[in-house]
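Please open the structure in your viewer and keep the selection panel at hand. The tour goes from stop to stop, saying at each one what to select and what is there.

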Amino acid sequence: MPKITEARILIMATNGFEQAELTVPREKLTDAGAQIDLASLDGEDIRGWDETDWGETVSVQCKISDVVASNYDAIVLPGGQINPDLLRVEKSALDLLRSFYDQGKVVAAICHAPWLLIETGIAKGRKMTSYHSVRTDVENAGGDWVNESVVSDNGVVTSRNPNDLDDFVAKIIEEIQEGRHMREAA
């Protein structure tokens, strides 16, 4: 079982990510000892959305299409409405997410980011949560939606909103330390 201090975690996002849903997990996972890389579509820095207006710009380490999932222990998907909506139509982002999932890596999505789990087929048959407006999408994709701060189903971690970030990060750490999760390919 890997220790969080030895873990390497990828955060995948693009412009319009919900500010706290990227910055808080990045900070807390770094503080716990994990190495964090941020990947964007073009490898360029990206800007968040902070409640009602554009937020901070964050530094990106790599381009999504250049990432090799086997080099990481987990992938974290911040939400917001803009970010996951843009990513769910990008083949490179969906292929990378499927690769993490198929290798038994931890997959963590918060807020609207479960749209990516829906798009890749990962949501089907899975107990999960999301921002309340995504509930019908999850259910239509064959997921079992519940209203809980964080849900983990065989290494797929989902959470509702920024108020749940402490529970979300704690569950990511727990799941990484459990090791690989054996599951059917998406």
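What follows is a walk through a predicted model, beginning with its aromatic rings.

**The aromatic pairs**

How many aromatic pairs does a search of the whole structure find? The search finds two aromatic pairs. A pair of this kind is described by the distance of the ring centres and the angle of the planes. Select Trp49 and Trp54 to begin with: their ring centres are 5.1 Å apart and their planes stand at 80°, and because an angle over 60 degrees counts as edge-to-face, that is the name for this pair. Colour the two residues by accessibility and you will find Trp49 partly exposed, with a relative accessibility of 23%, while Trp54 is also partly exposed, with a relative accessible area of 38%.

Move next to Tyr72 and Phe100, whose ring centres are 6.2 Å apart and whose planes make an angle of 40°, so that this pair is tilted. Tyr72 is in the loop between β5 (62–63) and β6 (74–77), whereas Phe100 belongs to helix α3 (residues 91–102), so the pair ties together parts that are 28 residues apart in sequence. Are these two residues buried or exposed? Both Tyr72 and Phe100 are buried.

**Charges over rings**

Keep Tyr72 on the screen and add Arg8, which lies over the face of the Tyr72 ring at 4.4 Å from the ring centre. Then select Arg88 together with Trp115, where the charged end of Arg88 sits over the ring of Trp115, 4.2 Å from its centre.

**The largest pocket**

Rolling a probe the size of a water molecule over the atoms shows where empty space is left. The largest pocket has a volume of about 210 Å³. To display its lining, select Gly16, Glu18, Glu21, Trp49, Gly80, Gln81, Ile82, Cys111, His112, Tyr131, Asn161 and Pro162; Trp49, from the edge-to-face pair, is thus met again here as a lining residue. The residues of this lining divide into five nonpolar, five polar and two charged.

**Cysteines and two positive phi angles**

Stay with Cys111, one of the lining residues of the largest pocket, which is found in the loop between β7 (106–110) and α4 (114–119). Its relative accessibility is 6%, so Cys111 counts as buried. Select Cys62 as well, which counts as buried because its relative accessibility is 16%, under the 20% limit. How many disulfides does a search of the whole structure find? The search finds zero disulfides.

Most residues other than glycine have a negative phi. With that in mind, look at the backbone of Cys111, where phi is near 65°, a positive value in a residue other than glycine. Asn154, although not a glycine, likewise has a positive phi, of about 55°. Asn154 lies in the loop between β10 (150–153) and β11 (156–159), and with a relative accessible area of 33% it is partly exposed.

**The last stop**

Finally, select Met128, a residue of strand β8 (residues 127–128), which counts as buried because its relative accessibility is 1%. Add Val156 and draw a line from C-alpha to C-alpha: Met128 and Val156 are 8.2 Å apart in space, while in sequence they are 28 residues apart.

Key:
Residues numbered from 1 in each chain as written. Predicted model: local features only at pLDDT ≥ 70, side-chain atom pairs only at ≥ 80, totals over all residues. Heavy atoms only, no water. Disulfide = S-S within 2.5 Å. Buried < 20%, exposed > 50% of the residue type's maximum accessible area, 1.4 Å probe, protein only. Phe/Tyr/Trp six-rings, centres within 6.5 Å; stacked < 30°, edge-to-face > 60°. Helix = DSSP H or I, 4+ residues; strand = E, 2+ residues; numbered from the N terminus. Lys NZ or Arg CZ within 6 Å of the ring centre and 35° of its normal. 1 Å grid on protein atoms, 1.4 Å probe; cavity = no way out; pocket = protein on both sides within 12 Å on 5 of 7 lines; lining within 4 Å. Points joined across faces, edges and corners; volume = space filled by probe spheres on them. Nonpolar A, V, L, I, M, F, W, Y, C, P; charged D, E, K, R; others polar.
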